[in-house]
Amino acid sequence: MYLRNNKSAYRNSGIFNKMILLISFLLLLSFLFSLIFLQYVYRIYDRQIYEKSSEVLGMSAVSIESELKELEQLSFAVGSDEQIQDCLRKLLDYPTPYERLVLHNKIINRLVAFAGAEKYVYSMMLMDANDGVMTAGNREGVSQSLQDQLKQLAVEGGGSNVWYTQGSKNSLLAVRQIKSYTGSTFTLDHLGTLVIRIRVERIVADSTNMASGEGQLIVVDTASNRSIYPAEPLLTPRELAVEVGRPEPYRTGSYAQGTYFIAKTESSYMDWTYINATPFNEMFKQITILKRMVVIVFACILLLGLLLGYRLARSIARPISKLTEKMRRIEKGDLDNLEEQSLGLVSRNAQDEVSQLNRTFKMMIRRIRELIDENYAKQLVIRETELKALQAQINPHFLYNTLESINWLAKVNKQEQISEMVEALGYLLRSSIGLKDPLITLEKELSIVRSYVTIQRTRFEERLDFRMDIPADLQDALIPKLTLQPLVENAIRYALEPNIEPCMITISVSRTSNGLDLRVADNGPGMTDQFIRDLQQGRIQTRGEGIGLANIKERVQLVFGGEWGTEIESQPGMGTVIHVLIPYLKGEHGDV
């Protein structure tokens with residue numbers, strides 16, 4: 001019952017109260033959900049940061065070992081070099097001291113060529129079978145006891161690469177026994193021992209991107225628990241031994257120099273252990289501060305959201321309440337005072353929905369007033385038009401009856417020319433006024449032209465030479481009504497009237513690839529190309545009062561499409577030809 005009453009109260013409350021309740025509920029729900037979600041995310045983040053540290057350490061280890069494998073290939077390339085092989089074989093034959101010096105120099109030059117191209121090579125040393133020593137790069141001395149130890153280690157390797165960690169100097173040596181081979185023949189005679197000193201610190205620096213002060217990557221020899229890199233690690237030798245022996249891949253522990261997060265991984269290529277030591281406080285101090293800041297920011301957002309929600313609800317509810325009140329007034333008001341009872345002044349700059357609603361309501365009221373006035377005016381115009389239409393129906397019948405009377409009188413008085421003109425004029429008027437069919441056959445259009453020419457021949461007599469060249473099989477083609485007659489009228493006006501010489505006007509029709517070409521030609525004064533362009537662009541005002549070329553072109557395109565129309569072909573002194581291009585449609589297509 002209590003819940004039902006609350007639902008009813010919520011439904012019946014105003015927009016303002018609903019929006020405040022809804023915004024408050026959503027903000028509180030979002031705040032609680034965000035806190036729970038953040039705690040969950042922080043726990044996941046704490047776990048993943050340990051896992052990611054191990055993954056990054058593993059990637060660094062893979063990168064370091066990849067470089068070591070390339071250096072192993074380098075030792076093979078040096079040991080199998082043909083020039084070095086040849087010189088070492090010659091040294092087995094106990095050459096003279098001069099020849100021995102020359103051979104040593106050749107080998108040193110080859111070693112320099114190999115060492116100079118590798119940034120991770122500190123030096124190269126080659127000991128031949130007769131205890132001769134050749135060095136390229138840094139000439140740091142190697143004791144005789146170490147040389148003997150390296151030779152024995154190379155022999156045990158049997159020609160493969162052997163890695164050796166050099167005592168307290170934290171140096172890494174690549175040792176390989178050089179055996180003889182000629183072409184594809186392997187004699188496997190002992191020729192010497194190759195020792196390459198590796199820059200471990202440079203390989204580690206290029207394979208990791210840890211900034212100084214944030215942590216340290218330690219490379220430990222698992223067999224001796226001695227640090228290969230760096231020379232002075234953060235952890236003591238005893239602490240390193242303890243960490244190497246632990247099974248956990250990562251953990252947080254306290255050491256002599258502070259609390260560190262330790263992540264380690266075993267090498268699959270070397271007998272090494274990679275340890276990443278990161279100061280714990282530096283790693284997690286910012287995360288703790290961030291957690292507190294997030295809670296504070298969310299609390300501020302909650303308060304700010306409540307304040308802005310209150311103002312938003314108020315800005316929406318108040319104008320809507322005013323608009324509702326105005327609508328109720330207009331609903332009961334006088335239609336003559338609609339606009340006076342509208343919203344009054346409404347800002348035009350405001351673009352929010354409520355302001356647009358107010359402006360639209362005010363415009364609607366104004367439009368209603370205009371529509372009322374317009375409707376009243378239209379009713380008056382309709383009545384007046386109906387009256388005039390009834391009166392106008394008398395005029396065409398009166399005109400036709402008058403022309404028939406004139407025609408009868410002309411025949412009674414044997415005035416054949418007047419009778420012919422009156423009959424032509426009557427047919428021309430009926431054809432011009434009757435607009436029921438927009439398309440007529442070419443035969444009917446030519447009948448209109450003949451009636452018009454009959455009237456004009458009475459005026460111009462022998463000066464008008466009119467001819468038609470129309471194939472009989474094309475006379476059933478459909479064309480827009482009053483297409484040719486206006487063109488003949490223009491030819492008479494602009495080619496015949498200005499001259500005293502006879503003018504020949506010809507109408508011809510021919511088939512094209514996809515339609516008809518209707519031509520009206522005259523031998524008048526013609527037109528220049530510039531005059532034709534100005535005429536087509538409407539820059540010249542003609543003196544005609546009938547249907548012009550633009551009207552004919554517009555009607556043709558309206559009926560048949562934009563690809564059809566008219567074209568003008570004219571030259572000064574050579575006459576003018578007007579082309580009307582239309583599709584070929586026969587009489588049965590009268591519904592076009």
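Which residue in β7 does Val-219 stand opposite? I looked this up first and noted that Val-219 stands opposite Tyr-229 in β7.

**Basis.** I am working from a predicted model, in which local features need pLDDT of at least 70 and side-chain atom pairs count only at pLDDT 80 or more, while totals for chains, interfaces and linings use all residues. Residues are numbered from 1 along each chain as its sequence is written, and side-chain values use heavy atoms, with hydrogens and water left out.

**Sheet.** I then followed the sheet that holds β7, an open one of 5 strands in the order β7-β6-β10-β9-β8 with antiparallel pairing; strands here are DSSP runs of E with at least two residues, helices are runs of H or I with at least four, and both are numbered from the N terminus. I took two strands as paired if DSSP finds at least two bridges between them, and β6 (residues 216-221) pairs with β7 over 3 bridges in the antiparallel sense. The edge strands, each paired on one side only, are β7 and β8 (250-255). Helix α6 (residues 200-207) packs on the sheet and touches β6 and β7, its direction making about 70° with that of β7; contact means heavy atoms within 4.5 Å, and angles run from 0 to 180 degrees between N-to-C directions.

**Loop after β7.** Tyr-229 came up again, since a cis peptide bond with omega of about -5° joins Tyr-229 and Pro-230. I placed Pro-230 in the loop between β7 (226-229) and α7 (237-245).

**Helix pair.** I next checked helix α12 (residues 442-460) against helix α13 (residues 484-496), which pack at an angle of about 25° with their axes 8 Å apart. That angle makes α12 roughly parallel to α13, a term that I use for angles under 35 degrees. In the contact, residues of α12 including Leu-446, Val-449 and Phe-460 meet residues of α13, among them Val-488, Ile-492 and Leu-496. I recorded the residues of this contact as 11 nonpolar, 2 polar and 2 charged, where Ala, Val, Leu, Ile, Met, Phe, Trp, Tyr, Cys and Pro count as nonpolar, Asp, Glu, Lys and Arg as charged, and the others, Gly among them, as polar.

**Positive phi.** Lastly I noted Glu-461, in the loop between α12 and β12 (464-469), with a positive phi of about 55° although it is not a glycine. Tyr-94, in the loop between α3 (82-91) and α4 (97-116), has a positive phi near 50°. I entered Tyr-94 as exposed because its relative accessibility is 67%, the cut-off for exposed being over 50% relative accessible area with a 1.4 Å probe and protein chains only.

How values were computed: Angles under 35 degrees count as roughly parallel, over 145 as roughly antiparallel, 65 to 115 as roughly perpendicular and the rest as oblique. Buried means under 20% relative accessible area, exposed over 50%, partly exposed in between (1.4 Å probe, protein chains only).
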